[in-house]
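Reader: I'm new to this structure and would love a close look at one long helix and what surrounds it. Could you walk me through that part and then show me around a bit?

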Amino acid sequence: MSRTNTRSPQYSPEAGQNSESVLSHGLKQRHLSMIALGGVIGAGLFVGSGVGIAAAGPAIVLLFMGTGALVMLIMRMLGEMSAARPSTGSFSVHAEEEVGSWAGTTSGWMYWLMLCAGVAAEATAAGTIMHNWVSFIPAYGWVAIFMVFFCASNLTAVKNFGEFEFWFSAIKVTTIVAFLVLGVLGILGVFGDAPGTSHLTGHGGFFPTGVAGLAAGLLTTISGFAGLETVTIAAAESDNPSRNVARAVRTAVWRIAVFYIGSMAVVVTLVPWNDPKVATDGPYVTVLDTLGIPAAGTIMQIVVLVALLSAMNANIYGSSRMAYSLVSRGQGPRFLSKVTRGVPAAAVLASCVFGFAAVIAGIVWPTTVFAWLLNIAGCSVLVVWSIVCLTQLKMRRRLEREAPEQLSVRMWAFPYLTWLTFAAILGVFAVMAASPDGRQQLIGTAVVVAALAGAGHLKQRRDRDRRAAADS
């Protein structure tokens with residue numbers, strides 16, 4: 001079977017040759033750069049990282065170094081593939097071409113599910129913050145307002161999404177930089193006595209909770225990086241996809257290290273890891289309070305709200321584009337492929353409706369349906385990353401044979417680091433299997449993956465039979 005018969009039409013970025021050409025190209029380089037940063041700076045860093053610190057202690061710095069390295073390698077693989085073959089479906093399209101329809105279907109719909117569940121979780125948290133400020137509107141009322149607003153903005157033009165993300169991310173980046181500067185000054189003793197290493201070696205030592213704490217913290221740190229892949233999806237709607245995604249990925253890689261690892265190092269140096277406020281109020285608020293920064297809690301609540309709204313906006317965008325790409329390739333209901341003024345309107349609406357339905361499930365069935373959905377979503381990113389590794393292994397070898405000039409971004413130390421990354425992901429699955437909660441997540445995820453992979457395999461067989469009939 002020749003590759004010309006099996007190659008997905010979405011691989012071709014040229015206008016007029018594929019279904020993606022009907023989408024607009026309103027994103028600029030500055031949008032993509034901020035989308036890449038916004039994908040890694042969210043409420044998970046500002047608030048959720050406190051749970052990881054409470055679980056692992058000062059060793060959280062090592063966990064973020066490890067997971068940050070893992071994410072940088074994944075992003076390098078995605079950058080290599082997306083720069084060579086820009087596509088709205090990103091890794092899902094590449095997986096379908098290189099591995100098979102089952103891989104494209106599984107990675108695409110798992111990612112869509114993860115993003116939609118994220119929309120629900122972020123909308124719920126943002127609604128709670130706003131209700132605390134404006135109590136006469138119930139939390140679910142604020143959720144509805146946010147959902148309608150971002151759904152409408154995503155329905156108008158892709159440049160609106162890009163502008164929102166640009167300014168949202170600018171606020172988050174400014175906050176991180178200011179926090180790091182204040183933190184370093186605090187470590188040097190500008191705001192009082194210098195803490196030295198007292199918080200790093202005291203309170204039980206650098207590894208106060210042992211292996212169990214590291215395992216619990218590992219899952220928390222990984223979930224904080226989910227969503228960074230959206231930049232490779234957005235690149236297909238930029239003015240120069242190959243060049244822009246390459247630049248965005250390169251800048252995102254080192255900023256991950258600075259923002260995440262630097263922030264965690266500042267936190268565990270300045271405050272005791274077992275301070276209850278680290279988990280309840282968040283590590284950033286706790287540090288700023290310790291340094292005596294006025295209105296630290298209010299400032300960080302505003303930043304967290306911005307981070308939540310930014311994540312909502314990005315997840316609605318990413319989920320709608322992934323759904324559009326999937327159905328355009330015959331891997332979903334065709335009505336979702338409707339495009340209006342360069343925007344996949346039906347896919348945007350479907351993603352928002354599913355996200356709002358998940359919010360309702362969180363109100364009506366918080367410990368059953370919603371908990372199950374979040375568990376599946378939390379494990380989805382690992383499934384996607386494992387398929388990315390397998391896809392990049394095959395695609396890199398093929399491009400080296402057929403079109404080496406398209407490799408403007410190259411995975412480091414190929415194929416050794418790709419295999420090492422894949423092994424690390426399998427190691428995370430093993431860590432999850434060692435705990436009861438992790439096993440429940442794995443079982444639920446395995447059921448969904450099996451269903452999606454089965455559906456993709458059936459499509460793959462039908463396509464093969466159809467081509468065989470046509471050739472005969």
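Author: Sure, let's start with helix α15, which covers residues 296-328. With 33 residues at 1.5 Å a residue, α15 should span 48 Å, and its end C-alpha atoms are indeed 48 Å apart, so the two agree. The expected span here is 1.5 Å times one less than the number of residues in the helix. As for what counts as a helix or a strand, both are DSSP runs numbered from the N terminus: H or I with at least four residues for helices, E with at least two for strands.

A word on where this comes from: the model is predicted, local features need pLDDT of at least 70, side-chain atom pairs count only at pLDDT 80 or more, and totals for chains, interfaces and linings use all residues. Residues are numbered from 1 along each chain as its sequence is written, and side-chain values use heavy atoms, with hydrogens and water left out.

Is α15 enclosed or not? It's largely enclosed by the rest of the structure, because 27 of its 33 residues are buried. Buried means under 20% relative accessible area, exposed means over 50%, and partly exposed is in between, using a 1.4 Å probe and protein chains only.

That ties in with the nonpolar core (a set of buried Ala, Val, Leu, Ile, Met, Phe, Trp, Tyr and Cys residues joined through side-chain atoms within 4.5 Å). The largest one has 140 residues, and Phe46, Ile60, Leu382 and Trp385 have the most contacts inside it. Helix α15 gives the most to this core, with 18 residues. In soluble globular proteins, nonpolar side chains tend to be buried together. Take Trp385: leaving aside neighbours within four places in sequence, its contacts (heavy atoms within 4.5 Å) include Leu70, Val71, Ile74, Ile222 and Phe225. Glu229 and Ile425 are in contact with Trp385 too.

Now step back along the chain to what comes before α15. Helix α14 (residues 283-290) is mostly covered, with six of its eight residues buried. Those six are Pro283, Tyr284, Val285, Thr286, Val287 and Leu288. Just after α14, Gly292 takes a positive phi of about 80°. In the loop between α14 and α15 you'll also find Ala295, whose phi is near 55°, a positive value in a residue other than glycine.

At the other end, Gly330 comes just after α15 and takes a positive phi of about 80°. The loop between α15 and α16 (345-364) holds Arg334, which is exposed at 63% relative accessible area. Arg334 and Ala346 are twelve residues apart in sequence, and their C-alpha atoms are 9.8 Å apart in space. Lys338 lies in that loop between α15 and α16 as well, and it's exposed, with a relative accessible area of 52%. Setting aside neighbours within four places in sequence, Lys338 touches Val343, Pro344, Ala345 and Ala346. By contrast, Lys338 and Leu188 are 150 residues apart in sequence and 58 Å apart in space, C-alpha to C-alpha.

Just past Gly330 in the numbering is Gln331, and that residue is in contact with Ser101. Ser101 sits in helix α6 and counts as buried at 6% relative accessibility. Others in contact with Ser101, again leaving aside neighbours within four places in sequence, include Gly456, Lys459 and Asp463.

Helix α6 leads us to the aromatic rings. Rings of Phe, Tyr and Trp (its six-membered ring) pair if their centres lie within 6.5 Å; planes under 30 degrees apart count as stacked, over 60 as edge-to-face and the rest as tilted. By this rule the count comes to 15 aromatic pairs. Phe91 and Tyr111 make an edge-to-face pair, because their ring centres are 5.0 Å apart and their planes are at 85°. Phe91 lies in helix α5 (residues 91-98) and Tyr111 in helix α6 (residues 101-133), so the pair ties together parts that are 20 residues apart in sequence. Both residues, Phe91 and Tyr111, are buried. Elsewhere, Phe149, Phe150, Phe164 and Phe168 form one aromatic cluster.

One last stop is the loop between α17 (369-402) and α18 (416-433), where Pro415 lies. A cis peptide bond joins Phe414 and Pro415, with omega about 0°. Ala413 is in the loop between α17 and α18 too, and its phi is near 45°, a positive value in a residue other than glycine. At 45% relative accessibility, Ala413 counts as partly exposed.
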